[in-house]
Structures are given as C-alpha cells and as structure tokens.
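Subject: Structure for your files

Hello,

Here is the structure I said I would pass on. My notes on it follow below.

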Amino acid sequence: MQPIIEVTDLTYMYRSGSGKNVLALNGVTMQVYRGEILAITGQNGSGKSTLARHFNALLTPKSGTVIVDGLSVADKKNTAIIRRSVGMVFQNPDNQLVSSVVEEDIAFGPENLGLPQAEIVDRVDWALESLNLGAYRHRSPNSLSEGQKQLVAIAGVLAMKPQCIILDEPTAHLDPKGRCEVLENVLRLNRDEGITTILLTHFMNEVVHCDRMIVMDQGQIKMTGTPRDLFKLADQIKALGLDLPPASQLAHGLKLKGLALPGNILTLEELVNSLCQLP
Amino acid sequence: MPITVKDLCFSYQKGTPFEKKVLHNISLTIDDGEFVGIIGPTQSGKTTLAQHFNALLMPHGGSVTVNGYLTSDPQADLVDLRLKVGYVFQNPDYQLFAQTVGEDIAFGPQNQKLNKEEIKERVAAVMAQVGLDYDTFNQRDIYALSGGQKRRAAIAGVLACKPEILILDDVTAGLDPRGREEIMTVIRDLHQKQKITIIFISNSMDEAAELAERVIVIDQGRIFLDGAVREIFKQSAQLRSIGLEIPEVISVIEMLQKRGCVLPTIPLNLAEAIDCIATAYREREENR
Amino acid sequence: MELTKNITLGVYLPGKSFIHRLDPRTKIIASGIIISLLLIIRSYPAYGVVFLFVAAAVLIAGIPAGYAFSGFKPMLPVLIFMWIFQLFLYSSSDAKTLFSWWIFSATDAGFHMGALVTLRVIFLFGVTTLLTLTTSMVSLTDGLESLLSPLKAIGLPTQELVMTMVIALRFVLILAEELDKIIKAQMARGVAFDRGNFIQKTKKIFPVFLPLFISAFKRAEELIIAMEARSYTGGRHRTKMKTLHLGRVDLEAGLIMIAFTALIIYLILITVPPI
C-alpha cells in the first residue's frame with residue numbers, strides 16, 4: 001500500500017510554562033496508508049496530538065521529516081496544499097465552530113479556499129447530507145447536542161474534500177450516545193468515501209474498529225500493529241497506562257481463571273461465541 | 001444531612017421567549033451515608049436537579065429541604081448550607097484560580113475565617129484524602145498538573161470546606177484511563193473511609209454501576225427509575241429505551257443468557273463478571 | 001443564579017416579521033440613522049417620537065415586550081448613577097437651583113441634562129438590541145462586510161475586522177454560561193458574593209475572573225488553531241456562499257426611514273430644547 005503520510009525520525013521540542021525544554025516527540029518514524037483508518041492512542045501527554053499536528057502543517061518538524069502526499073511539511077510553500085488535503089477535527093466542538101449557523105460554519109472552509117459560490121453551495125449540501133445533518137442546516141450549533149456539534153465540525157472539514165481527516169479525541173467530551181454517533185459516521189465516511197482517517201483516542205472500544213493502531217508513550221511509538229495483534233499483549237498495554245477493550249479484558253480475566261479462550265478476542269460477540277463453543 | 005425533594009419544578013430562562021421546563025415534579029429523599037448515582041442522557045436535567053441540593057438554584061415549584069431547612073426559606077443560611085453540601089464541577093478549570101495547589105485548596109477554609117494553623121492542617125488532611133502528597137504538591141503550580149491531578153485538587157478544594165455531602169458532577173469526563181482510575185479510587189475511599197454521602201452525576205453507566213449503591217435515572221426532567229444499583233441494571237431494556245448504554249459486563253451476561261447459559265447474578269464490575277462466568281463454567285464441568 | 005437570562009444584547013430571536021425579512025444592510029443603516037439622530041436630539045417631543053417608532057418596531061418584530069425590557073435591568077444602577085451625576089455636576093449660567101446638599105447643588109439644567117443623557121443611552125441600547133434580536137449574527141456581519149467593503153480600497157482589513165466581530169459575538173453566550181458555572185463553583189466553596197464591604201467584595205472578583213480569562217484565552221487559542229487548520233489565512237482570497245439582495249421590503253423600509261428622519265429633524269427645528 002502507498003503511504004499518504006510518511007514520518008521519518010521526527011523530533012519536536014517545546015518550552016514549557018516553567019521554562020524547561022520538553023521533548024514532546026522523540027525520533028518518531030511511521031506511515032499512514034491511503035484509505036486506512038489508523039488509531040493513535042496513548043495517555044494524555046504521550047505526544048499523539050503533537051504528532052498529528054505535524055500532519056497538516058500546524059507544527060513543523062524541529063528535526064526529521066514529514067512528507068504528506070509527496071510534499072514536505074517543513075516547506076512553507078506547501079502549507080496551503082497540505083491543509084487542503086489533510087483536515088483536522090478537534091476535541092471541543094465549541095472551540096472550533098466559527099459561525100452561529102450550521103450551514104455557514106460548514107461553508108467556512110470552502111470559502112477560505114476561494115471556491116466559486118455554486119461549488120460552495122454544492123459542497124455544503126453534500127457534507128450536510130453525508131452526515132445526516134440536513135434538518136439542522138439553519139439552526140445554531142448552540143442548540144444542538146454535543147455529538148451533533150461534533151458532526152457539524154466533521155462536516156466543516158469534509159466540505160473541504162480532504163484526502164485524509166485527523167480526529168483529535170473527537171469523543172472525549174461526549175456522552176455514550178454522542179460517542180456512538182460520531183464513531184459510526186467516521187467509520188462510514190472512511191468506508192464509503194475512502195477517506196484516510198486518523199483517530200486519536202483513548203477509548204479502546206473505538207480502537208477496535210480501526211485497521212491499525214499505534215501506541216505512544218513519552219513522545220515515542222511503543223507499539224504498532226492491528227488491534228487484534230496488540231490487544232493480545234495485555235500486560236504491555238496496561239503498562240503504557242491504557243485499558244484493554246472490555247471484551248478483551250473479560251477474556252483475559254477468564255483465561256487467568258483457567259478457561260480455554262483464544263487470546264485475540266476483541267468484541268463481546270466474539271467472546272460470547274467462544275464461550276459457547278467451550279466444551 | 002438528609003435531602004428531601006418534593007414536587008420540584010424548574011424552568012430555564014424563565015420569563016423569556018426561550019423558557020424551557022427542565023424539571024417536572026421531582027420527589028426523592030437521600031439519606032445520610034448513601035452513595036447515589038444520578039444517571040441519564042445529556043440534558044435530561046441531572047445537573048439542574050443536583051444544583052438544587054445546595055441552593056445554587058432555587059425551585060420554581062415544590063421544595064427542597066436539606067437537613068430540615070428549606071433552601072427557599074429567606075432565613076436560611078445558604079453560605080453555610082453550600083459548605084455542608086460540596087459541589088465539584090466537571091471542569092476543574094472553573095474552580096482552580098490560585099497559583100499553587102495548596103493556595104487553591106486553602107481558599108474554602110479562608111472563606112470560613114479559620115486561623116493559619118487550622119488551614120494548614122486541613123489542607124494537608126484533604127490532600128491526603130485525594131492522594132496528593134503534601135510535600136510534593138503543596139507548592140506545585142496548578143498549570144503543571146495532569147488532568148487527573150487537577151480534578152483531585154478540585155475535589156480537595158471542596159473537601160476542605162468539610163462537606164457532609166459531596167456532589168460530583170461528571171468529574172471523570174475527558175480523562176485518560178489512568179486518570180479515570182485515580183479519580184474512581186479517590187471517590188470510593190471518600191465514601192468508605194470518610195463516610196461522606198456522595199451524589200455522583202454521570203452519563204457513564206459503567207462508572208455508576210461500579211461505584212453507586214443506589215441509582216436514580218433521570219429522563220427528560222422526570223425520575224425514570226430509582227432503586228438499588230442491581231435492581232436498576234436488571235431493567236436493561238428500559239434503560240436502552242431512553243438511549244442509555246448498558247455496561248459491557250452486564251451486556252455480556254445478557255448475551256450469554258440468550259444463548260442458554262444460566263447465570264445467577266448481575267455483575268457490576270469486571271471482577272464480578274469474570275467470577276460469575278468462571279464459576280458457572282466450573283460448575284458445568286463438575287456436573288458433567 | 002442565571003446570568004444568561006438577563007443578556008438580550010447579542011441574542012437572536014428568529015422570526016418572519018417585516019423587520020426580520022429586511023436586508024441586514026437596510027437594518028444597519030436604519031439603526032445608524034436613528035443613532036445619529038439620537039446624538040443631536042435635545043427635546044422631549046422628539047424623544048417621544050423615537051419612543052413610538054422603536055416601540056412600533058418591537059411590536060412588528062414580535063418581540064415580547066417584557067423580554068425586550070429585561071435587558072435594561074442590569075443597566076439600571078448605571079443609568080441612575082449617570083443621571084444623579086449630571087444632576088449635581090451639570091450647570092449653566094441661567095440655571096435655577098432646585099435644592100442643595102453639602103457642597104453639591106442640583107439645578108434644573110442638571111436635571112434635564114441627566115434626563116437627556118439617560119434617555120440617549122436607553123435608546124442607543126434599545127436600538128442595538130432590536131437590531132441584534134432581529135438579525136442573525138451571520139447576516140449582520142455579511143451586511144457590515146458589504147457596507148465596509150469600499151474601505152478595502154484604502155487598505156483597511158475589513159474582512160478580518162468583521163470576522164473578529166462574528167467570533168467575539170458568538171462567544172458572548174458561551175462565556176456568559178461559563179461565568180455562571182464559575183460563580184457557582186466558588187459559591188460552593190463558601191464565597192458569599194453579596195456579603196462584606198466594598199474591598200471584600202472586590203477581592204471576591206478574582207476567583208471568578210481569573211478562571212474566566214484563562215478559559216477565554218484557551219478557547220481563543222484553540223479556535224485560532226482550528227481556523228488555521230481549515231485554511232483560514234485572512235480575508236484576501238475568500239469567497240462567500242451567500243450574497244445579499246435588496247428587495248421590496250427594503251424599499252418600503254427606506255421610505256419609512258426617510259419619513260421618520262424628516263419628522264425628527266422637523267421636531268428638532270421647531271421645539272425649544274429644555275437647556
């Protein structure tokens with residue numbers, strides 16, 4: 001598979017409030033492949049946001065390289081093109097929505113791209129429809145639920161027709177229902193529109209649905225692989241301050257109690273099936 | 001300090017074109033030493049209800065009585081009431097304002113005009129209760145704290161007012177798994193060791209199941225269910241009908257029961273679920 | 001405790017009335033005209049006409065009168081203070097003294113000056129509130145942007161200015177809600193905002209405003225990053241999804257405004273100001 005983003009030996013340092021230099025990224029090398037959905041997980045402060053902000057040139061490398069679709073992030077001339085192809089959705093929808101009308105907010109990105117009026121209208125219609133937000137187009141984001149607000153934020157990025165969308169803990173402040181809504185839509189966009197998706201999260205229930213996962217700790221990548229392969233390594237995952245998905249946790253506990261279950265259970269359905277097949 | 005709520009009604013933006021009724025005739029009693037989880041979908045009225053318990057909001061209809069005093073009584077000492085019923089908000093940044101952790105926690109006792117020695121003692125005591133080491137954290141800059149530490153500092157700041165009832169409003173939102181575990185442990189300890197009455201507001205069913213003894217489910221400003229935690233989670237179909245998620249440990253038992261495994265109990269946490277399933281399988285093997 | 005309840009400025013009440021349907025530019029220009037007139041009006045009959053005009057507009061727009069007035073409540077102490085200030089401090093050569101107290105004396109000139117200044121502020125506030133209650137922020141800024149666009153020629157960053165305003169206004173409500181929570185969080189720690197002397201009361205502001213400022217800065221920072229991530233680089237290359245059109249209602253409103261302005265100017269000319 002062709003990588004859309006290639007990171008080589010990326011290091012990033014910043015000065016903290018108390019004047020100390022903090023190494024936020026320490027020699028990170030990784031790829032994001034076209035069309036995949038990649039989870040980046042790790043404790044707060046592990047460096048996942050800092051890494052992701054290099055993907056659309058919000059940050060530029062202090063050392064090492066980040067290549068997006070063949071263009072280096074370090075070169076200022078590429079910034080506009082990179083931001084067009086890699087969109088980003090943030091944690092708190094209240095702090096990223098610009099306008100007090102849903103459709104106007106979704107138009108903000110395309111307007112920034114200087115597209116002709118008719119094209120903007122088409123894209124806004126399409127983004128609203130893709131995320132089933134048509135009913136809310138004239139409403140104020142303040143009158144929507146947190147989950148719906150986050151969908152508006154996603155629609156705003158979608159309307160820029162990016163090749164890749166980064167979602168930086170998009171569900172951290174949502175209730176379980178909102179979390180479900182957002183996750184379902186993200187998965188569907190990846191499947192139907194073929195948009196490469198990078199999901200930063202510490203909800204393992206969400207990671208389970210991703211093609212690949214990366215676990216970060218203290219500015220470094222500690223694990224890379226499919227969720228099924230990595231969640232087998234329960235002790236390592238826990239040592240990095242993360243949980244297993246509930247089904248894997250249960251399976252792990254039951255195995256310790258002597259039940260002969262397979263090691264790579266990810267979902268409750270798989271767990272129940274395996275339990276029922278026990279002799 | 002028992003809380004009695006009778007026919008409580010409340011509307012937001014009362015008297016404006018945006019008026020919206022959020023609480024409809026709520027009646028309930030919370031006794032000393034209880035650990036009550038208030039759960040419900042977002043905007044169901046959980047927070048609005050809880051803010052009546054310490055007179056941050058006043059009823060538009062009905063009454064709220066705390067420890068025998070009506071909150072709406074003009075003679076009631078509301079400042080004193082608010083100290084006895086502590087309220088911790090979801091976002092610790094709304095509360096923390098001082099430079100260092102110690103100064104911020106001392107803010108409540110200072111409002112109570114305690115002397116320096118007493119304040120220092122109290123700060124040290126509550127820091128211990130939330131698991132923040134005094135020597136390490138007393139002088140620590142608030143902005144250098146992790147998410148979990150910040151919330152613990154915020155809880156300590158409210159504990160320093162010596163509340164008899166502690167209301168925790170969605171205090172685990174946005175934390176990573178480790179931070180969440182830290183807070184859950186602190187809350188469990190406060191109830192078990194300090195014997196503080198705790199009202200735990202959350203939209204996470206897992207946490208309510210793990211912590212609370214009694215659960216009140218609120219939906220659209222009305223009490224939907226109220227009872228012992230196990231009784232509530234037995235009614236999973238009803239909980240799902242108002243858009244709540246059932247904890248995975250309970251779902252798995254239900255799924256197994258549908259497939260013909262008979263499991264006697266409703267587990268409330270991971271350890272119980274593992275025990276419950278493992279025991280059932282062991283018995284099945286022995287019966288064979 | 002509900003802070004947001006008394007804020008009417010910046011709130012939009014959706015509707016389909018004559019006033020709601022006007023082009024934002026028409027409403028902005030009309031408000032501008034009324035405000036300019038207010039600055040030169042010095043007689044009570046003229047204020048009477050302005051009152052009737054604004055009251056009619058409130059009725060036509062379908063805004064509940066009680067709600068329209070509730071916005072004045074928080075301003076009341078300031079208005080009274082302003083009036084008293086003028087009452088004692090303004091004087092002219094032929095003023096009659098009404099009464100004296102200590103070193104101050106109240107004159108009839110002061111009385112009228114106070115009344116006029118207070119009325120001016122009330123109507124300024126009323127007209128702006130009416131504008132924002134009937135015009136969504138988005139069309140308001142679209143209108144402003146279009147009206148200011150000639151200034152781009154002299155190098156004024158009009159689009160950026162307007163964008164700043166849209167955002168500032170969007171955050172008024174969010175920050176008011178936040179302030180409400182912060183006040184409650186500190187009340188829960190025993191702060192009695194209504195007790196103590198002036199200095200003690202002033203000290204109580206810190207635990208409220210520090211968190212508010214920090215949160216506002218944090219939000220601003222996140223918003224800037226989010227806007228940048230959506231390719232915002234200032235106004236230069238931007239296009240717009242919507243363009244504004246003047247319609248029949250705007251023509252009608254224009255005629256009404258001309259008649260109103262003429263009437264006010266006539267009144268200003270024929271009436272003798274009280275001072």
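B:Ala144 is partly exposed because its relative accessible area is 49%, and partly exposed covers values between 20% and 50%. The residue lies in the loop that joins helix H5 (134–137) to helix H6 (147–159) of chain B. From B:Ala144 to B:Glu272 the C-alpha distance is 37 Å, with their positions 128 residues apart along the chain. Please bear in mind throughout that this is a predicted model.

Chain B and chain A

B:Glu272 falls within helix H12 (270–287) of chain B, one of the elements that give two or more residues to the side touching chain A. The others are helix H7 (177–192) and helix H11 (248–258) of chain B. H12(B) gives the most to this side, with 9 residues. By class, the side of chain B that touches chain A consists of 12 nonpolar, 5 polar and 9 charged residues.

The contact involves 26 residues of chain B and 32 residues of chain A. Between them the two chains bury about 2,700 Å², and carbon and sulfur atoms account for 62% of that. There is 1 salt bridge between chain B and chain A. A:Lys257 and B:Asp275 form a salt bridge, in which the closest N and O atoms are 2.8 Å apart. Polar contacts across this interface come to 10 residue pairs, both residues being at pLDDT 80 or more.

Chain C and chain A

Here 27 residues of chain C are in contact with 37 residues of chain A. The buried area is about 2,900 Å², 51% of it on carbon and sulfur atoms. Within chain C, the residues that lose the most area to chain A are C:Arg170, C:Arg230 and C:Met241, which together make up 32% of what that side buries.

The count of salt bridges between chain C and chain A is 5. C:Glu228 forms a salt bridge with A:Arg83, with 3.1 Å between the closest N and O atoms. In polar contact there are 17 residue pairs between chain C and chain A, again with both residues at pLDDT 80 or more. Helix H7 (137–148), helix H8 (158–187) and helix H10 (206–229) of chain C each supply at least two residues to the side that touches chain A. H10(C) gives the most, with 8 residues. The residues on this side of chain C divide into 15 nonpolar, 4 polar and 8 charged.

Helix H3 of chain C

The last item is a helix in chain C. Helix H3 (residues 44–61) has 18 residues. From its first C-alpha to its last, H3(C) reaches 25 Å, close to the 26 Å expected at 1.5 Å a residue.

Which residues of H3(C) are buried? They are C:Ala46, C:Tyr47, C:Val49, C:Val50, C:Val54, C:Ala57, C:Val58 and C:Ala61. These buried residues pack against five helices of chain C, namely helix H1 (18–21), helix H2 (24–40), helix H4 (65–70), helix H6 (108–134) and helix H11 (248–270). After H3(C) comes C:Gly62, which has a positive phi, near 75 degrees.

Regards

Technical notes:
Residues are numbered from 1 along each chain as its sequence is written. Chains are lettered from A and ligands numbered from 1 in the order in which they are written. This is a predicted model: local features need pLDDT of at least 70, side-chain atom pairs count only at pLDDT 80 or more; totals for chains, interfaces and linings use all residues. Side-chain values use heavy atoms; hydrogens and water are left out. Helices (H or I, at least four residues) and strands (E, at least two) are DSSP runs, numbered from the N terminus. The expected span of a helix is 1.5 Å times one less than its number of residues. Buried means under 20% relative accessible area, exposed over 50%, partly exposed in between (1.4 Å probe, protein chains only). Contact means heavy atoms within 4.5 Å. Buried area is the accessible area (1.4 Å probe) that two parts lose on being put together, summed over both. A salt bridge is a side-chain nitrogen of Lys or Arg within 4 Å of a carboxyl oxygen of Asp or Glu. A polar contact is a pair of N or O atoms within 3.5 Å; within protein, one must be able to donate a hydrogen and the other to accept it, and residues adjacent in sequence count only if both atoms are side-chain atoms. Ala, Val, Leu, Ile, Met, Phe, Trp, Tyr, Cys and Pro count as nonpolar, Asp, Glu, Lys and Arg as charged, and the others, Gly among them, as polar.
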